[in-house]
Amino acid sequence: MGQSRNTFGKNERLKSVIVLDRAFAEGEKLKAASILVRYTHSSFDAPFPYQVATTVSKRRFKRAVDRNRIKRLLREAWRLEKHRLLVGWSAGDPQRALVFIYIGREIPTFEACQNNIRKIIDVLIDDPIEKS
RNA sequence: ACGGUUGCCUUCAUCGCCUCACGCAAGUGGGGAGGAAAGUCCGGACAGCUCAGAGUGCCGUACUCCUCGAAAGGGAGAACCAUCAAACGUGAUGGGAUAGAAAGUGCUAUAGAAAUUUAAACCGCCGAUGGCUCGUAAGAGCACAGGUAAGGCUGAAAAGGUGGAGUAAGAGCCCACCAGUGGUGGAGUGAUCCACCAGCUUAGGUAAACCUUGCGGGCUGCAAGACCAUGUAAACUAGUGCUUGAGAGCUGCUCGCUCGAUGCUAGAGGGUAGGUCGCAUUAGAUCAAUGAUGAAGCUCGGUGUUGUUUAUUCAACAACGGGAACAGAAUCCGGCUUACACCGUAAAU
RNA sequence: GGCCUUGUAGCUCAACUGGAUAGAGCAUCGCAUUACGGAUGCGAAGGUUUGGGGUUCGAAUCCCUACAGGGUCA
């Protein structure tokens, strides 16, 4: 079912302030070009392995239009690529919180975002969620 | 400069986001950013603070009239300033937070004799009157007493201006006109303007310096505020107080009012920080929604080919590239300011 | 979202109550010294006082406005 329907609904997004703080404080770092990723173990009531948030610094992009644009591109790229992480995962297995931080200086193209997200997902597949 | 218009260029397809309705569910259907949503410069609604009370402070504001729910918004007007045209009437355009400097205080550098109140020390002018010297005398000289404020090249500003009369020299001392002040009358809703009369020339500038006067404002702002949930330490130390009263009620202070004893203040610590409402007339959340890809059409750009033209002109076709500016709602509304693509009008180049 | 606050040489700061040509240290450049460099000495350059407008005789300073930073709140 996941292959044909690449949804990205509300309960698939990382919203908890507590978990966000923990991800920034103790999360593992992962870098792909102009995207910085921080992730940590988490637990939530939804049938997905990951909860995801995107963020862009107000310092680097002053205009809200640019920040919205980048976050939309990142979300779209994640939506189209994340199905590979569903392989071999079933409800009840451990889950993770994931934060995308854009650290580039210019607005990226969609292709660049897609390539970088692919690389990140490759790494995440190689580093399966530890049982704890 | 003014006015206007559209707003990922449009349509379709696939995948997807927020929200509402229906449905057990799968899903189906409806709605989904702006003129500035921005800046937060004004104002209002709304909410809480005890009634939103009094005094004082503080803040804001400042020509007049009208208008708007209100405002520093809009309209019309008055005086002033600048520029241009003028030529002795004034007119046009533009500008600004435009009350009071005759209640008081402060500041006014440099320059200048002197910079703000008994102006007169200095350079000057005079020396009529008194004094001294010379001379028979008329008179001459001295510059001692004294008179005077016209002149002293500065300065943003020099204590009314110009002209006359007057004098030893001079002075609003006197006169005419002008300016200023006060009063009366008239015109206008009013700011203000016009005329006449009076006596006085006393009074530089600065209030976006303090200040005075008039008017306005209680304070804080949706992180206001209400509720639910979760969690801890009603513990420790020091001080203070217990109805004859410490303190609290977020207001600058005082009064008044209300509350007030397992209290209050300080120190060092412990713990929670999640959600609902507030919150939207059909956008609407609470890490925060409008996107991605493809195709076709339209349009713009330069390039190439062909035809055409006086022409670097016009047209057709082809592949390529682009779809633009400013910019993203978070309680709502009105105004202002700033940013900006295109079209129209006017002016200039 | 609301409310405060600050902008001066490349950097860190001065400039009294509005007064003259906006100063100082570090950094930069030149010269001297040295075989060369450093250090030292002498000298120079560097400013639309964030932009625009206003008040005033006079503005870094006062007022308005725009822009760019910084802080704070339950």
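This report covers the sheet, the helix packing and the salt bridges of a predicted model.

## The sheet

Four strands form an open sheet. Their order is β1-β2-β4-β3, and the pairing is mixed. The edges are β1, residues 28-32, and β3, residues 50-56. Each of these edge strands pairs on one side only. Neighbouring strands are turned against each other by 20° on average, with direction ignored.

Helix α2, residues 64-81, packs on this sheet. Its contacts reach β2, β3 and β4, the last of these spanning residues 95-102. The direction of α2 makes about 155° with that of β3.

## The β1-β2 hairpin

Strand β2 covers residues 35-42. It pairs with β1 in the antiparallel sense, over 5 bridges. One pairing can be named: L30 has V37 in β2 as its bridge partner.

The two strands, β1 and β2, form a hairpin with 2 residues between them. A33 lies in the turn. Its phi is positive, at about 55°.

## Packing of α2 and α3

Two packed helices are described by the angle between their axes and by the distance between those axes. For α2 and α3 (residues 110-126), the angle is about 50° and the axes are 9 Å apart. That angle makes α2 oblique to α3. The crossing of the two helices is right-handed.

Which residues of α2 and α3 make the contact? From α2 come L73, L74, E76, A77, W78, L80 and E81. From α3 come F110, C113, Q114, I117, R118 and I121. By class, the contact of α2 with α3 has 9 nonpolar residues, 1 polar residue and 3 charged residues. The charged residues are E76 and E81 of α2 and R118 of α3. The polar residue is Q114 of α3.

## Salt bridges

Side chains of opposite charge can pair when their charged atoms come close. How many salt bridges does a search of the whole structure find? The search finds 3.

E76 forms a salt bridge with R79. The closest N and O atoms of this pair are 2.6 Å apart. E76 and R79 are both in helix α2, 3 residues apart, so about one helical turn separates them. E76 also belongs to the contact of α2 with α3.

Key:
Residues numbered from 1 in each chain as written. Chains lettered and ligands numbered in written order. Predicted model: local features only at pLDDT ≥ 70, side-chain atom pairs only at ≥ 80, totals over all residues. Heavy atoms only, no water. Pairing = 2+ DSSP bridges. Axes fitted to C-alpha atoms, helices over the stretch in contact; angles between N-to-C directions. Contact = heavy atoms within 4.5 Å. Parallel < 35°, antiparallel > 145°, perpendicular 65-115°, else oblique. Left-handed = near helix turned anticlockwise from the far one by under 90°. Salt bridge = Lys/Arg side-chain N within 4 Å of Asp/Glu carboxyl O.
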